[in-house]
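Q: Hello! I would like to learn how to read a protein model, one feature at a time. Where shall we begin?

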Amino acid sequence: MKDRVIIRYKKNPILTRDDIPYPVSTVHNAGVVRHNGRYIMLFRSHLLNGRCVIGLAESGDGYSFTVSPEPFLVPAKQGIFAEYEEYGVEDLRICAMDDEYLLTYSAYSRHGVRIALARTTDFTSVKRIALISQPDMRNVVIFPQKFAGRYARLDRPHSKISPWSIYISYSPDLIHWGDSKVVMKPATYHWDEMKIGPGATPFRTNKGWLHIYHGVYRTMAGAVYRLGAALHDLDNPSRVIGISDDWILEPEDPWERTGYVPNVVFTCGAVPEEDGTVKIYWGGADTVMCAGSAQISDLMEMCLNNSREPY
Ligand code: BMA
């Protein structure tokens, strides 16, 4: 296996604050999807008061993005969402399902952080559907397919007595979720020993759903965020078939190692391509957006041939 499975785009970072036509200090942690042959990116930015909004950028090639003049999603001003989005909206994931896009994002407020769900068909208008978790929850990815008529999501509840682990939950209607089960836990004295969390929306391969997740290791100089890969059974996604023992990406470039939060690569989106590659997008040091590409077969091989135990 190559020592770097993800090939970084030569002109990283692909977006910085200077590309954003309104005042922000960061552009990071973006969900990305292909829509009508174009790449749509929904990225997080810190405003200059420290709270976050979601902006939109568009691209023909998946690397060179143009940012819309106004943010795409800002905290709601009225109704139930206003109470729970008061402090900002963050880390949005996009799931293409049944001719529409489901958007899951972190909603911050004086009550903590929980997950909100919205939908769009055109990335012009957006309709909020429901708050789909209690606090403390971030990082929810919905599988782009139903299983026995139910939606499935990976989530990451907060727990003080067990390291933060990835669960699966199901829903008949996208609003009520349950039947939860742990699917993956951090491994002791391993690169992801402190916590793990869902990353990009899982995508289908011939051997399973490939899920790119993040794992955190605590060092004397603070936490290091890296990316890993896991493969879930095609028909029963609660069954993890393999998890790469090695990480697939770690902070290396200067803009990944220094910034608002140093030593962070954090993904919310990956786009599989017809040529067998996948474009992976990550925030560098919670400050800039970066992209790279990997062979899907290499990622699958890492999950299947050098797997660690799910827990
Ligand atoms: C996590 C989240 C992410 C962030 C990461 C590194 O807990 O807040 O949005 O990228 O920390 O700061």
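A: Let us begin with burial, and keep in mind that this is a predicted model. A residue counts as buried when its relative accessible area is under 20%. Tyr101 has a relative accessible area of 10%, so Tyr101 is buried.

Q: Is Phe123 buried or exposed?

A: Apply the cut-off of under 20% again. Phe123 has 6% relative accessibility, and therefore counts as buried.

Q: How many aromatic pairs does the structure hold?

A: The structure holds eleven aromatic pairs. One of them joins Tyr101 and Phe123, whose ring centres are 4.8 Å apart, with 40° between the planes. That pair is tilted. Tyr101 belongs to strand E7 (residues 100-109), while Phe123 is in the loop between strand E8 (112-120) and strand E9 (127-131). With their positions 22 residues apart in the chain, the pair links distant parts of it.

Q: What kind of aromatic pair do Phe143 and Phe147 form?

A: To name a pair, look at the angle between the ring planes: over 60 degrees counts as edge-to-face. Phe143 and Phe147 have 90° between their planes and 5.7 Å between their centres, so the pair is edge-to-face. Both Phe143 and Phe147 are buried.

Q: Which residues form one aromatic cluster with Phe123?

A: Phe72 and Tyr101 join Phe123 in one aromatic cluster.

Q: Which charged residues sit over rings?

A: Here we look for a charged end placed over the face of an aromatic ring. The charged end of Lys195 sits over the ring of Trp164, at 5.0 Å from the centre of that ring. Arg226 lies over the face of Trp247, 4.0 Å from the ring centre.

Q: Lys195 brings me to the ligand. Which residues surround the ligand?

A: Start with the list of neighbours, then sort them by class. Around the ligand are Asn29, Arg44, Asp91, Arg138, Lys195, Tyr225, Val261, Val264, Phe266 and Asp286. This shell has five charged, four nonpolar and one polar residue.

Q: Which side chains have a polar atom beside an oxygen atom of the ligand?

A: Asn29, Arg44 and Arg138 are among them. An N or O atom in the side chain of Asn29 is 2.9 Å from a ligand oxygen atom. For Arg44, the distance from a side-chain N or O atom to an oxygen atom of the ligand is 2.8 Å. A polar side-chain atom of Arg138 lies 3.1 Å from an oxygen atom of the ligand. The protein covers 83% of the 300 Å² of accessible area that the ligand has on its own.

Q: Where is Ser165 found, and which residues does its side chain contact?

A: For a residue like this, place the residue in the chain, check burial, then follow the polar atoms. Ser165 is in the loop between strand E11 (151-157) and strand E12 (166-171). At 3% relative accessibility, Ser165 counts as buried. A polar atom of the Ser165 side chain lies 2.7 Å from the backbone oxygen of Pro163. The side chains of Ser165 and Lys185 are joined by a polar contact of 3.1 Å.

Q: May we try the steps once more? Where is Thr205 found?

A: Thr205 is in strand E15 (residues 203-205). Its relative accessibility is 9%, and Thr205 counts as buried. A polar atom of the Thr205 side chain lies 2.6 Å from the backbone oxygen of Gly208.

Definitions and conventions: Residues are numbered from 1 along each chain as its sequence is written. This is a predicted model: local features need pLDDT of at least 70, side-chain atom pairs count only at pLDDT 80 or more; totals for chains, interfaces and linings use all residues. Side-chain values use heavy atoms; hydrogens and water are left out. A residue is near a molecule or strand if one of its heavy atoms lies within 4 Å of it. A polar contact is a pair of N or O atoms within 3.5 Å; within protein, one must be able to donate a hydrogen and the other to accept it, and residues adjacent in sequence count only if both atoms are side-chain atoms. Accessible areas come from the Shrake-Rupley method with a 1.4 Å probe; for residues, only the protein chains shown count as cover. Ala, Val, Leu, Ile, Met, Phe, Trp, Tyr, Cys and Pro count as nonpolar, Asp, Glu, Lys and Arg as charged, and the others, Gly among them, as polar. Rings of Phe, Tyr and Trp (its six-membered ring) pair if their centres lie within 6.5 Å; planes under 30 degrees apart count as stacked, over 60 as edge-to-face and the rest as tilted. Helices (H or I, at least four residues) and strands (E, at least two) are DSSP runs, numbered from the N terminus. Buried means under 20% relative accessible area, exposed over 50%, partly exposed in between (1.4 Å probe, protein chains only). A charge sits over a ring if NZ of Lys or CZ of Arg is within 6 Å of the ring centre and within 35 degrees of the ring normal.
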